[in-house]
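Q: Here's a model I'd like to understand in detail. Please take one part of it, look closely at how it is put together, and then work outward from there.

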Amino acid sequence: MVWGGVFSETINLNDDTLWTGSPGNYTNPDAPKALSEVRKLVNDGKYAEATTSAVKLSGEGSNAYQLLGDIKLEFDHNAAAYDEKTYVRELDLDTATAKVGYSVGEVRFTREHFASYPDKVITSKISGNKSGSLSFTAFLDSKLPHRVSLNAQNQIVMERTDAGIQFSAILDIRISDGIGTISVLEDKKIQVKGCDWAVVLLVASSSFEGPFTKPLDSKKKPTYEASNTLKTVKGYSYDELYARHLHDYQTLFHRVSIELSKGLKAFEKDASLLTTAERVKSFKTDEDPKLVELLFQYGRYLLISCSRPGTQPANLQGIWNDKVTPPWDGAPHLNINLQMNYWPALSCNLHECQEPLFDYIQSLSVNGTKTAKVNYNANGWVAHSVSDIWAKTSPDRGEALWALWPMGGGWLCTHLWEHYAYTMNKDFLATKAYPVLEGCVLFLLDWLIEGKEGYLQTNPSTSPEHMFTAPDGKPASVSYSTTMDMSIIKEVFSNIVSAAKVLGKSEDEVIKKVVKAQPRLYPTKVSKDGSIMEWAQDFEDPDVHHRHISHLFGVFPGQTITLEKSPDLCKAAENSLNKRGVEGPGWSTTWKAASWARLHNSEHAYQMITHLFDLVDPENESNYEGGLYSNLFTAHPPFQIDANFGFSAALAEMLIQSTSNDFYLLPALPRDKWGSGSVKGLKARGNVTVSIEWNAGDLHEFSVWSSDKRALGAVENEMFTKTIHYKQMSVVTTMSKGKVYTFDKQLRLIRTSSLLNPSSI
């Protein structure tokens, strides 16, 4: 996090492995007895009493994500000569570079900062455009107990001194050749005097060795590892480091481009004339589509920047946390937050960014096996609503309202199947996804018990963080077979049956049990007011505008409620969304937007998209719900990053939707707002890439292609068939991989070209 001060600069340093605590037990030997007690109370219709009793099933709270520390820079500027009108701060999404520029007298000072994934270094270049004009002092600091020293290379080394996960950060500075001096001060600071430019390098490492190793048992040596990284990095010039960073980042970022403002001259003004805050403020009147484009790409930038192979999964604040104890501990919440963080990974063409999530699910499956066995006498594995870096799988502490929800693992497992559905990577499905998915299913089969009317039910069951009024008038949160529970189970069961078919496992015993159980799952029902019932009974809802829309999981991100298969339930889902209303936190807003898009309702999807564009004052954010900060981070408030990702996913959902067999083009395009535009590079299920262009609110043409990136030529003749839908038209088309197919607005094929020719895309 680059704060961009003039006379002093602070750069917050996050290491995504820096957390409190150590591996936990995550089991409760007393849980089986408590579970029997709660189930009996639920079966007797004593829901308030069951809610009170269910606290006995609660566990310990999660551990907390922590801020490593700060780079501090203090500049020798003449305050009287500083011209504040010359100040510019920006984040260039195309290059993933943060920039600060300003003038002091006749000298223009600039700073450029980037964090390099390939070289594991934060790099800052500081320059003055007049020879010898740059002088500053640099040092490291942290709110955690630490010591600072200078090594033999005159680099600043900051190391943690208390117990827990250890860290080391090393700062090195190089300056322009032959101009200026660099010296070490007694207070462990580095002073630069009279140079043209300086490059500041920051590397860091921690002792985290995985979720199953206690910090005290770790063999990792953070200072040694950071030093080795720095030795490698110093072999590159600044230009080489920047080029390596750029190639790595742009390979991902440039896959998708979007234009929603084509031909709208009113928005061809130079956006740099306005601050981002001013643009957000004016959005309610000008509805600038370029700002929508920017927020869409910002979400993709953030995901690329915080979740890559080998990192930890994106948490509640990502890697932009500035607190030792962030809100809600910065912990991944499995009842929407962690999943939403990865919604754009597939549709927005960033499938590699999901790898940390899959590694994390694997760890959850290990701890969750113990939790399932001890707490519930069940096979397979389970995870609840809140976790941490140690892959905590037990219920959270406190009330059942938020603590007791054993469906977190099930929801996460839908991402495993979706990854295959988008990438068609059979090796991933067989070796990584299926074993974990099967373990989840084994738990769900054991968790389901014989219930009323011959249905299989979940008991106890909650709808995340939402209360109901029991028939006796008492407030309660625990009942049986909530719609959220059953929707997730239906989705997971459907996923594993599909996966088993792909892998030739349809005759396995676990699949036979799933197929037998599927028709006995409690159905989704419609309440007396015409909305989707959130609970198995039509309980009174004391908060109809509640932030969660858990009972609509089957609409989005699930696929069990669709316009084609269940139009009546879709109408009930619309009623539910209308009843929930527009207001809500940022993540709730984007979830509603994606759900409206899935229902092909462009008016309401757009309404939710625009609702996010409220400027939030971080000094007075209690008066807000949802909205954006001036740097476009999304607000709960306080800051949560999930809505940034949810926004990108929801916008993609408005432009292209898919199943394993179908494409839906521009299903929720607000034609009166984004009349002409284009999107290139979005992904659809079946490892298909789609580009769409529309004019005057109507489809102009679109292209689709599929390839095996490992051997384009080898798949030239492999065929795939899709049904393409636009408005009331549908066409079934068979295509070859390795070729680009372009269609007109009547869905007629007008062009075929080779994917090996870049100009064809």
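A: Let's start with a helix on a sheet, keeping in mind that this is a predicted model. Helix α4 (residues 238–253) lies across five strands, namely β4 (97–104), β5 (107–116), β6 (121–128), β10 and β13 (197–206), and runs at about 50 degrees to β5.

Now for the sheet underneath. Its strands are eight in number and pair in antiparallel fashion, forming an open sheet whose order reads β3-β4-β5-β6-β13-β10-β9-β8. At the edges you find β3 (82–92) and β8 (146–150); each has a single partner strand, so one side of each is left without a neighbour in the sheet. Going from strand to neighbouring strand, the average turn is 15 degrees, direction ignored.

Zoom in on one pairing in there. Strand β9 (residues 156–160) and strand β10 (residues 167–175) run antiparallel and are joined by four bridges. If you want a register marker, V157 stands opposite I170 in β10.

What does the record say about this stretch of chain? UniProt, in an unreviewed entry, places the feature "domain: Glycosyl hydrolase family 95 N-terminal" at residues 1–209. Over residues 1–209 the model has 46% strand and 10% helix, with the end C-alpha atoms 25 Å apart. One backbone detail to check if you're going through torsions: K188 is not a glycine, yet its phi is positive, at about 65 degrees. You'll find K188 in the loop between β11 (181–184) and β12 (190–195).

There's a second sheet with a helix across it, so let's put that beside the one above. Here six strands make an open sheet, with antiparallel pairing and the order β14-β21-β22-β23-β26-β27. β14 (257–259) and β27 (749–754) are its edge strands, each pairing on one side only. From one strand to the next, the twist averages 20 degrees. Within this sheet, strand β21 (residues 677–684) and strand β22 (residues 688–695) run antiparallel, with seven bridges joining them. A684 stands opposite V688 in β22.

The helix on this sheet is α18 (residues 642–655), which lies across β14, β21 and β22 and runs at about 105 degrees to β21. α18 also has a helix partner: its axis and that of helix α16 (residues 586–598) come within 8 Å and cross at roughly 15 degrees. Angles under 35 degrees count as roughly parallel, and that makes α16 roughly parallel to α18. The crossing of the two is left-handed. On the α16 side, the contact uses G586, W587, T590, A593, A594, A597 and R598, and these meet D642, A643, G646, F647, A650, E653 and M654 of α18. Sorted by class, this contact of α16 with α18 comes to eight nonpolar, three polar and three charged residues.

Just ahead of α18 there's something to watch if you're setting up restraints on omega. P637 and P638 are joined by a cis peptide bond, with omega about 5 degrees, and P638 lies in the loop between α17 (602–611) and α18. Another cis bond runs from F556 to P557, where omega is near 10 degrees. P557 has its place in the loop between α14 (509–517) and α15 (567–580).

Last stop: two helix contacts that share α9. Helix α1 (residues 31–43) packs on helix α9 (residues 355–376) at an angle of about 60 degrees, and the axes are 7 Å apart. That makes α1 oblique to α9. The residues making this contact are A31, P32 and L35 from α1 together with V374, N375 and Y376 from α9. By class, that's five nonpolar, one polar and no charged residues.

The other partner of α9 is helix α11 (residues 408–423): here the angle is about 135 degrees, and the axes are 10 Å apart. That makes α9 oblique to α11 as well. This crossing is left-handed. L357, F358, I361 and L364 on α9 meet L412, H415, L416 and H419 on α11, and the contact divides into six nonpolar, two polar and no charged residues.

Technical notes
Residues numbered from 1 in each chain as written. Predicted model: local features only at pLDDT ≥ 70, side-chain atom pairs only at ≥ 80, totals over all residues. Heavy atoms only, no water. Axes fitted to C-alpha atoms, helices over the stretch in contact; angles between N-to-C directions. Parallel < 35°, antiparallel > 145°, perpendicular 65-115°, else oblique. Contact = heavy atoms within 4.5 Å. Nonpolar A, V, L, I, M, F, W, Y, C, P; charged D, E, K, R; others polar. Pairing = 2+ DSSP bridges. UniProt positions renumbered as here; feature names shortened; annotations may be inferred. Left-handed = near helix turned anticlockwise from the far one by under 90°.
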